[in-house]
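Subject: Structure handover

Hello,

Here is the structure I said I would pass on. Please open it beside this message and follow along as you read.

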Amino acid sequence: MEAITDIAALEQVAKRMRRIIIEITTKAGSGHPSTSLSMVELVIPLYLGGVMRHDPKNPRWPDRDRFILSKGHGAPALYTILALAGYFPEELLYTLRHIDSPLEGHPNMLRVPGVEASTGSLGQGLSQGIGHALAARLDGRDYRTYVMIGDGESEEGQVWEAAMAASKYALDNLTAILDYNKYQQTGPVARVMPIEPVRERWSAFGWHVIEIDGHDLRQVFAAYEEAKATKGRPSIIVAHTVKGKGVRVIEQDEKRSRYHGVPLTPEEARVALEELQ
């Protein structure tokens with residue numbers, strides 16, 4: 001698939017992704033649309049913009065770049081970008097969470113082409129990414145590994161153990177992406193368990209920190225390029241995002257966390273889809 005580099009075209013893809021995420025989670029009657037909506041612009045450059053080296057026709061190509069969704073409840077967004085990239089037919093998206101569908105509530109690497117890790121138990125994805133990054137070094141391959149983590153997930157101790165290990169081994173072929181939408185299941189991150197100062201903490205662990213607006217595609221592309229150019233240490237992109245981005249009923253709700261694992265109602269979905277036209 002030829003890379004799309006036109007920002008206006010990719011912004012239209014972002015709208016399309018958001019419409020699909022709303023449609024499939026509302027149809028399923030379950031899922032995590034708000035956390036999926038916040039990560040849209042972060043995955044589009046990877047799969048469609050040429051940032052990652054991958055081949056939908058050969059998902060297990062040894063030299064492919066890897067993407068691991070540590071915050072596995074964002075599966076609707078991962079499934080959607082995989083379908084748009086050509087890993088499986090788009091029609092399959094509308095079977096999300098059906099009893100006989102491979103598109104489970106959290107990604108299953110044994111059932112879905114393009115899924116690199118079965119995730120959902122939060123805190124583990126960065127450690128898995130370190131395994132891939134170390135394997136590349138041992139095998140003499142030049143592929144890169146990208147791991148998306150959540151801000152609530154960043155309260156897990158294993159994330160910081162992984163941060164130490166990645167720094168110790170100077171894994172400059174590893175890039176973490178923090179989808180910093182400021183809300184987790186039970187409330188604002190700042191109230192539940194603050195992770196600030198984010199930049200200073202990751203920097204103290206030896207990481208190169210890149211802070212961006214996670215919905216600005218130009219900034220996202222630039223951040224991935226900066227991470228690729230950084231040598232001798234891993235990079236983390238701290239992407240400031242909005243939980244439920246693109247859906248007014250979620251964006252304007254002061255208690256946004258109540259939408260964490262709740263799909264829109266059919267009426268809410270109808271309004272949201274109209275807004276995204």
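Two residues are in contact when heavy atoms of theirs lie within 4.5 Å. By that standard Ser34 touches Lys243, Gly244, Ile250, Tyr259 and His260, leaving aside residues up to four places away in sequence. Ser34 sits in helix α2, which covers residues 33–37. A residue counts as buried when its relative accessible area is under 20%, and Ser34, at 0%, is therefore buried. Please keep in mind that this is a predicted model.

The chain as a whole

The chain contains 11 helices and seven strands. Its radius of gyration is 17 Å, close to the 19 Å that the globule rule gives for 277 residues, so the chain is as compact as a globular protein of that length. Along the principal axes, the C-alpha trace spans about 50 × 45 × 35 Å.

Of the 277 residues, 54% count as buried. The area that the chain exposes is about 11600 Å², and carbon and sulfur atoms supply 51% of it. Contacts reach across the sequence: among those between residues at least 6 apart, 76% join residues at least 24 apart. As for charge, there are 32 positive and 36 negative side chains, and the centres of the two sets lie 1 Å apart.

Helix α3 and its tyrosine

How many of the residues of helix α3 are buried? Eight of the eight are, so this helix, residues 40–47, is largely enclosed by the rest of the structure. The buried residues are Val40, Glu41, Leu42, Val43, Ile44, Pro45, Leu46 and Tyr47. Note that Glu41, a residue with a negative side chain, is on that list.

Tyr47 deserves a second look. A search of the whole structure finds six aromatic pairs. Tyr47 and Phe67 form an edge-to-face pair, with 6.0 Å from centre to centre and 80 degrees between the planes. This pair links distant parts of the chain, since Tyr47 is in helix α3 and Phe67 is in strand β1 (residues 66–69), 20 residues apart. Tyr47 has 5% relative accessibility and so counts as buried. Phe67, with a relative accessible area of 3%, is buried too.

Tyr47 also forms an edge-to-face pair with Tyr87, at 6.5 Å centre to centre and 85 degrees between the planes. Tyr87 lies in the loop between α4 (75–85) and α5 (125–139), so the pair ties helix α3 to a part of the chain 40 residues away in sequence. The relative accessible area of Tyr87 is 11%, so Tyr87 is buried.

Elsewhere, ring pairs link Trp160, Trp202, Phe205 and Trp207 into a cluster.

A residue in helix α5

Gln128 lies in helix α5. Is Gln128 buried or partly exposed? With 29% relative accessibility, Gln128 counts as partly exposed. Gln128 touches Ile68, Ala117, Ser118 and Thr119, again not counting residues up to four places away in sequence. Ile68 falls within the residue range 66–69 of strand β1, so you can find this contact by starting from the strand. Gln128 and Asp172 are 44 residues apart in sequence, and their C-alpha atoms are 15 Å apart in space.

Backbone details

Three places in the backbone are worth finding on screen.

- The peptide bond from Glu196 to Pro197 is cis, with omega near 0 degrees. Pro197 is in the loop between α7 (189–192) and α8 (198–204).
- Arg97 has a phi near 65 degrees, which is a positive value in a residue other than glycine. Arg97 is in the loop between α4 and α5, and at 32% relative accessibility Arg97 counts as partly exposed.
- Lys182 has a phi near 75 degrees, also a positive value in a residue other than glycine. Lys182 is in the loop between β3 (174–180) and β4 (183–184), and its relative accessibility of 29% makes Lys182 partly exposed.

If you want a place to begin, take Tyr47 in helix α3, then go to its ring partners Phe67 and Tyr87.

Regards

Conventions:
Residues numbered from 1 in each chain as written. Predicted model: local features only at pLDDT ≥ 70, side-chain atom pairs only at ≥ 80, totals over all residues. Heavy atoms only, no water. Helix = DSSP H or I, 4+ residues; strand = E, 2+ residues; numbered from the N terminus. Rg over C-alpha atoms; globule rule 2.2 N^0.38 Å. Buried < 20%, exposed > 50% of the residue type's maximum accessible area, 1.4 Å probe, protein only. Areas by Shrake-Rupley, 256 points an atom, 1.4 Å probe, with all protein chains shown as cover. Charge placed at Lys NZ, Arg CZ, Asp CG, Glu CD. Phe/Tyr/Trp six-rings, centres within 6.5 Å; stacked < 30°, edge-to-face > 60°.
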